[in-house]
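The following exercises concern the reading of sheets, cores and single residues from atomic coordinates. Please attempt each task before consulting its solution.

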Amino acid sequence: MSSPTLTMKCKCGAFEATFDSPPRAIFNCQCRSCVSVVKSIEAREGFSGTSMKCDDESGGAAVAIYKSNNNTVVKSDKESIGFMKVGEEGKIPRAYCNKCGTVLFNVYAPNWCAVNRNALTNADGEPFAPEGEVMNVNCKSAFDASKVTGPKHNMVPFRMLLKFIPLLAGFGVDGSNKEESLIPEDMSKVEVSPITWE
């Protein structure tokens, strides 16, 4: 990997990863699954982490997408990482620091990952700030779509899907996201954010 352009750390410093390129895609996810996990973790007593919310009104998740080739986990251990899924049958474990509460990864898959955009910093240590307005996706599934500001899309726009399809199909990626501390050993033991909207 070349020299890092962005770093992601949780607030307490127990976790750190570096990224050698700008994000492949950035957006605010307004779906109930993403929002409920962020709310569940950040509502805990003693939460002192970097929030993943894109704003306080909609509560959408501020996401940056990376290929596996572009990220390196620098510091992590099993004792510092917790996981949460949506509902008892949830299949996606969201990794967070169980010391400060910072949500780290909304998705950590072999070929790609969705990171907490608010926890990214530039090489100079300043917070990463996307250029221009960030689109809101999955607004059709928002808890309250009237609170979502900025560009809104009911689903993920086709042009953004074109950035995901190669990742899902394994094109141009190396499958190197295998950091054991970010993969739960037993999904049945992962914490559950209850489904309250059915």
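The exercises below refer to this predicted model.

**Exercise 1. Determine the strand order of the open sheet of 8 strands and identify its edge strands.**

Solution.
1. The order of the strands is 11-3-4-9-8-7-6-12, and the pairing is mixed.
2. Strand 11 and strand 12 (191–193) are the edge strands, since each pairs on one side only.
3. Within this order, strand 6 and strand 7 (residues 94–97) are antiparallel and share 4 bridges. Ile 81 has Cys 97, in strand 7, as its bridge partner.

**Exercise 2. State which strands helix 1 and helix 2 touch or lie across, and give an angle for each helix.**

Solution.
1. Helix 1 packs on the sheet and touches strand 3, strand 4, strand 6, strand 7, strand 8 and strand 12. Its direction makes about 135° with that of strand 6.
2. Helix 2 lies across strand 3, strand 4, strand 9 and strand 11. Relative to strand 3, helix 2 runs at about 110°.

**Exercise 3. Describe the open sheet formed by 4 strands.**

Solution.
1. The strand order is 5-2-1-10, with antiparallel pairing.
2. Strand 5 (71–75) and strand 10 (120–122) form the edges, each pairing on one side only.
3. From one strand to the next, the twist averages 25°.
4. Strand 1 (residues 6–9) pairs with strand 10 over 3 bridges, and Thr 7 stands opposite Thr 121 of strand 10.

**Exercise 4. Which residues of the largest nonpolar core touch the most other members, and which element gives the most to this core?**

Solution.
1. The core has 26 residues, of which Phe 27, Val 63, Ile 65 and Trp 112 touch the most other members.
2. Among the elements that each supply at least two residues are strand 3 (25–29), strand 4 (61–67) and helix 2 (158–169). Helix 1 gives the most, with 4 residues.
3. Beyond four places in sequence, the residues touched by Trp 112 include Ile 65, Val 107, Phe 164 and Asn 177.
4. A second, separate core of 24 residues includes Tyr 66, Cys 100, Leu 104 and Val 115.

**Exercise 5. Is Asn 71 buried or exposed, and what is notable about phi of Asn 138?**

Solution.
1. Asn 71 lies in strand 5. Its relative accessible area is 8%, so Asn 71 is buried, the cut-off being under 20%.
2. The side chains of Asn 71 and Asn 177 are joined by a polar contact of 3.1 Å.
3. Asn 138 is placed in the loop between strand 11 (136–137) and helix 2. Phi of Asn 138 is near 60°, a positive value in a residue other than glycine.
4. Most residues other than glycine have a negative phi.

Notes: Residues are numbered from 1 along each chain as its sequence is written. This is a predicted model: local features need pLDDT of at least 70, side-chain atom pairs count only at pLDDT 80 or more; totals for chains, interfaces and linings use all residues. Side-chain values use heavy atoms; hydrogens and water are left out. Two strands pair if DSSP finds at least two bridges between them. Axes are lines fitted to C-alpha atoms, for helices over the stretch in contact, and angles run from 0 to 180 degrees between N-to-C directions. A nonpolar core is a set of buried Ala, Val, Leu, Ile, Met, Phe, Trp, Tyr and Cys residues joined through side-chain atoms within 4.5 Å. Buried means under 20% relative accessible area, exposed over 50%, partly exposed in between (1.4 Å probe, protein chains only). Contact means heavy atoms within 4.5 Å. A polar contact is a pair of N or O atoms within 3.5 Å; within protein, one must be able to donate a hydrogen and the other to accept it, and residues adjacent in sequence count only if both atoms are side-chain atoms.
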